[in-house]
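Colleague: Before I rely on the terms used for this model, I should like to know what stands behind each of them. Please take me through the reasoning.

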Amino acid sequence: MSVSQEEEQQQDPMTMFLYALKAPETKRQWPGRLKIFFDFLKLDGITIEEKAKEFMIKARQRPQWAQDILMKFIAFQIERASRNEISETTISNYYKATKLFCEMNDLSLSWKRIRRGLPQGRKAANDRAPTLEEIQKLVEYPDRRIKPIIYTMTSSGIRIGAWDYLRWKHVIPITNGLGEVIAAKLTIYPGDREEYYAFITPEAYNALKEWMDFRAGYGEKITGESWVMRDIWQTTNIDYGAKLGLATCPKRLKSSGIKRLIERALWEQGLRQPLTRGVKRHEWKAAHGFRKFYKSRTEQVMRPINVEITMGHDIGISASYYKPTEHEVLEDYFKAVDLLTINSDKVILQKQVTELKEKSKDSEYIIKAKLQEKENQIDALIKKQEQFELLIQSLIDSGQLKPTINR
């Protein structure tokens with residue numbers, strides 16, 4: 001590496017760190033975890049880029065200081081974990097982000113020694129998926145966006161970060177021969193190397209479509225480039241409002257905003273209560289819980305490997321051999337639609353109405369067929385009567401039969 005390249009790298013260490021982040025979720029979370037470490041050091045600078053530069057200048061001059069301060073940071077986080085302020089797994093996440101930052105900027109520390117102080121943490125979280133009843137209560141929250149958000153997440157299993165990429169063109173309805181929507185395809189992380197596809201239920205698509213139509217009704221120009229989730233706007237006295245917050249001036253609602261909206265709805269709907277002493281986390285996570293709901297429901301009826309594909313998971317070496325078409329995965333997904341439908345009572349009622357209509361049509365066809373059959377029989381009898389009368393008349397005319405005169 002030339003001197004100028006080295007100087008450039010030292011001037012912008014965050015660029016090297018971000019270069020190593022590939023998955024969209026990693027790009028979203030890891031800079032924030034690194035910032036927590038920088039804030040602990042009380043470095044100069046306002047932005048994370050400025051703090052990163054300040055840290056690298058000190059660390060290159062005094063590598064032992066960097067190692068010692070990182071150990072102090074971990075010890076401080078362990079104390080927080082003992083007070084149930086954070087989980088032990090969170091400490092490992094801070095360590096991973098900091099280690100990657102240092103490695104990408106060629107800062108060598110004794111990672112083996114530092115790692116010895118890390119708590120083991122749990123291999124798997126013991127939080128559960130939300131119940132159907134809890135989700136039904138959640139979507140009653142009076143915000144038009146909550147239903148399309150929750151229905152989409154529970155029926156597709158997408159991560160909260162997927163909303164940062166989702167535009168209306170990435171939601172493609174799938175119809176049957178009658179033109180009825182039976183599912184919809186989502187393109188997740190479009191244009192990224194982590195891009196994959198998922199599906200949502202008719203219920204979720206209809207909720208999204210109603211949301212987009214509602215926006216269009218207030219003057220927003222909806223195109224394929226429109227963000228699926230946006231800010232809310234003033235719907236009364238709009239003549240007196242500012243341009244900001246109007247339907248015609250949409251502002252994308254980021255995943256962080258969507259998460260805050262979900263958390264606010266959870267508290268308002270009574271689905272969140274203050275944690276009791278000694279309890280570190282709620283029974284189910286605000287956003288990731290919907291992903292668990294999807295996985296637990298779909299695995300009851302779908303092939304597990306297809307569930308992993310629709311969740312964007314790496315299926316390992318199986319990816320080299322198992323290559324189902326989208327149609328094959330969709331056919332498997334259809335088996336789970338009822339299990340992923342939240343307002344199932346409404347769906348069942350709609351199905352019953354449809355079945356009654358079909359039965360009514362069948363009965364109507366049968367009645368019409370029977371009536372037509374009777375009409376055909378009557379027509380046949382009339383024709384036979386006419387033929388008989390013609391035969392009698394011909395016999396009379398030929399003298400072979402004398403007419404009978406009633407006296």
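Modeller: In this predicted model, the hairpin of S1 and S2 has five residues between the strands, and glycine 179 there takes a positive phi near 85 degrees.

Colleague: What makes S1 and S2 a pair of strands?

Modeller: Pairing requires at least two bridges. Five bridges join S1 (residues 171–175) to S2 (residues 181–188), so the two count as paired; they run antiparallel. In one of these pairings, isoleucine 172 of S1 has lysine 185 of S2 as its bridge partner.

Colleague: How do you know that S2 also pairs with S3?

Modeller: The same test applies. S2 and S3 are joined by five bridges where at least two are needed, and therefore they pair. These strands run antiparallel, and alanine 184 stands opposite isoleucine 200 in S3.

Colleague: Why is S3 called mostly covered?

Modeller: A residue is buried when its relative accessible area is under 20%. Five of the five residues in S3 (residues 196–200) meet that limit, so the strand is described as mostly covered. Tyr196, Ala198 and Ile200 point one way, while Tyr197 and Phe199 point the other way. In a regular strand, side chains alternate between the two faces of the sheet.

Colleague: What makes helix H9 mostly covered?

Modeller: Of the 11 residues in H9 (residues 146–156), 10 are buried, including Ile149, Ile150 and Met153. Just after H9, glycine 157 takes a positive phi of about 75 degrees.

Colleague: Why are Ile149 and Met229 placed in a nonpolar core?

Modeller: Membership requires a buried residue of a listed nonpolar type, joined to others through side-chain atoms within 4.5 Å. Ile149 and Met229 belong to the largest such core, of 64 residues, and are among those that touch the most other members. Helix H10 (residues 202–217) gives the largest share of this core, seven residues. Apart from it lies another core, of 35 residues, among them Ala20 and Leu118. The contacts of methionine 229 include Ile149, Trp163 and Leu208.

Colleague: What makes the largest space a pocket rather than a cavity?

Modeller: A cavity is closed to the probe, whereas a pocket is an open set of points. The space of about 1800 Å³ is classed as a pocket, and therefore as open. Its lining has 41 residues, with Gln29, Arg33, Asn93, Lys259 and Lys285 nearest the centre.

Colleague: How does the lining of the largest pocket divide by residue type?

Modeller: The lining divides into 15 nonpolar, nine polar and 17 charged residues. Helix H3 supplies the largest share, seven residues.

Technical notes: Residues are numbered from 1 along each chain as its sequence is written. This is a predicted model: local features need pLDDT of at least 70, side-chain atom pairs count only at pLDDT 80 or more; totals for chains, interfaces and linings use all residues. Side-chain values use heavy atoms; hydrogens and water are left out. Buried means under 20% relative accessible area, exposed over 50%, partly exposed in between (1.4 Å probe, protein chains only). Helices (H or I, at least four residues) and strands (E, at least two) are DSSP runs, numbered from the N terminus. On a 1 Å grid over the protein atoms alone, a cavity is a set of points where a 1.4 Å probe fits but cannot get out, and a pocket is an open set with protein on both sides within 12 Å along at least five of seven lines; lining residues have an atom within 4 Å of a point. Grid points are joined across faces, edges and corners, and a volume is the space filled by probe spheres set on the points. Ala, Val, Leu, Ile, Met, Phe, Trp, Tyr, Cys and Pro count as nonpolar, Asp, Glu, Lys and Arg as charged, and the others, Gly among them, as polar. Contact means heavy atoms within 4.5 Å. Lists of a residue's contacts leave out its neighbours within four places in sequence.
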